[in-house]
Amino acid sequence: MKARILLISAFGFLSIVSHAQQSWEIDRDKDGIIVYTKEEEGSAFKSFKAVVTIHAATCEIVEILKNADDYTKWYGYTNTSALLRREGDTQYNYVETIFPWPYSNRDMVYRMSINASTQGVVKIVLKGIPDYQPEKQGIVRMKKAEGYILLQPIGEKTEVTYVFHSEPGDNIPPWLANNSIAELPFRTLSGLRKVLSE
């Protein structure tokens, strides 16, 4: 009886996972990078999931991600960036993101937590902390931003999955943000792959 209940529960869980996966739709498939988007419950702004396989070890990618001072060199639409504080496997990064005229740039302090498993998989959790520091004049503080970067080793390569959702705040029309949402993760993963090949 217990085995039957467990089996039914397992199938129920799989159906939920399957439904969640089906909600992602391909927005862009170019140069080995696939970007998916989906509607986010309770938000007018979509989430994205971008996937690429890079010829690099997970530890190399983690080192690039930890170096927040250099995000402007490869992270999509980044105007300024800085490592503010590090505590073990957690650090706080400041990032100012470029927005097109006539809108002001957005910024956020992100808490980045690095979680490694015994199987070599690394999950980097990103959580926006809007009240971490005072707002800067001329820059709009984002209301919400959270996601993760999952690094899964595949031989000498690593599959990188970048999942994120944000609320840009102020007067950004959702249709405008949603129409161009795939560009940021595409540029980011393209830049990451390029910097790792140099």
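Contact here means heavy atoms within 4.5 Å. The model is predicted.

Q: Which elements do the buried residues of H2 pack against?
A: Helix H2 covers residues 58-66, and its buried residues are Thr58, Ile61, Val62 and Leu65. Down the helix axis they fall within an arc of 100 degrees, so they line one face. That set packs against strands S5 (90-97), S6 (106-116), S7 (122-128), S9 (144-154) and S10 (157-167), and helix H4 (183-197).

Q: Which residues of H2 are in contact with Leu151, leaving aside its neighbours within four places in sequence?
A: H2 spans residues 58-66. Among the contacts of Leu151 beyond its sequence neighbours are Val122, Ile124 and Val160. From H2, the list holds Thr58, Ile61 and Val62.

Q: Which residues touch the most other members of the largest nonpolar core?
A: This core has 35 residues. S2, S3, H2, S6, S7, S9, S10 and H4 each supply at least two of them. Touching the most other members are Ile61, Ile124, Ile149, Leu151, Val160, Tyr162 and Leu189.

Q: Which elements do the buried residues of H4 pack against?
A: H4 has 15 residues and reaches 21 Å, close to the 21 Å expected. Its buried residues include Phe186, Leu189, Leu192 and Leu196. They pack against S1 (25-30), S2, S3, H2 and S10.

Q: Where is the pLDDT below 50?
A: The chain has a mean pLDDT of 90, and 89% of its residues reach 70 or more. One stretch has 0 contacts beyond near neighbours in sequence. Where pLDDT is low, the predicted coordinates should not be read in detail. The stretch below 50 is residues 2-21.

Technical notes:
Residues numbered from 1 in each chain as written. Predicted model: local features only at pLDDT ≥ 70, side-chain atom pairs only at ≥ 80, totals over all residues. Heavy atoms only, no water. Buried < 20%, exposed > 50% of the residue type's maximum accessible area, 1.4 Å probe, protein only. Helix = DSSP H or I, 4+ residues; strand = E, 2+ residues; numbered from the N terminus. Arc of directions from axis to C-beta. pLDDT = per-residue confidence, 0-100. Core = buried A, V, L, I, M, F, W, Y, C linked by side-chain atoms within 4.5 Å. Expected span 1.5 Å × (residues − 1).
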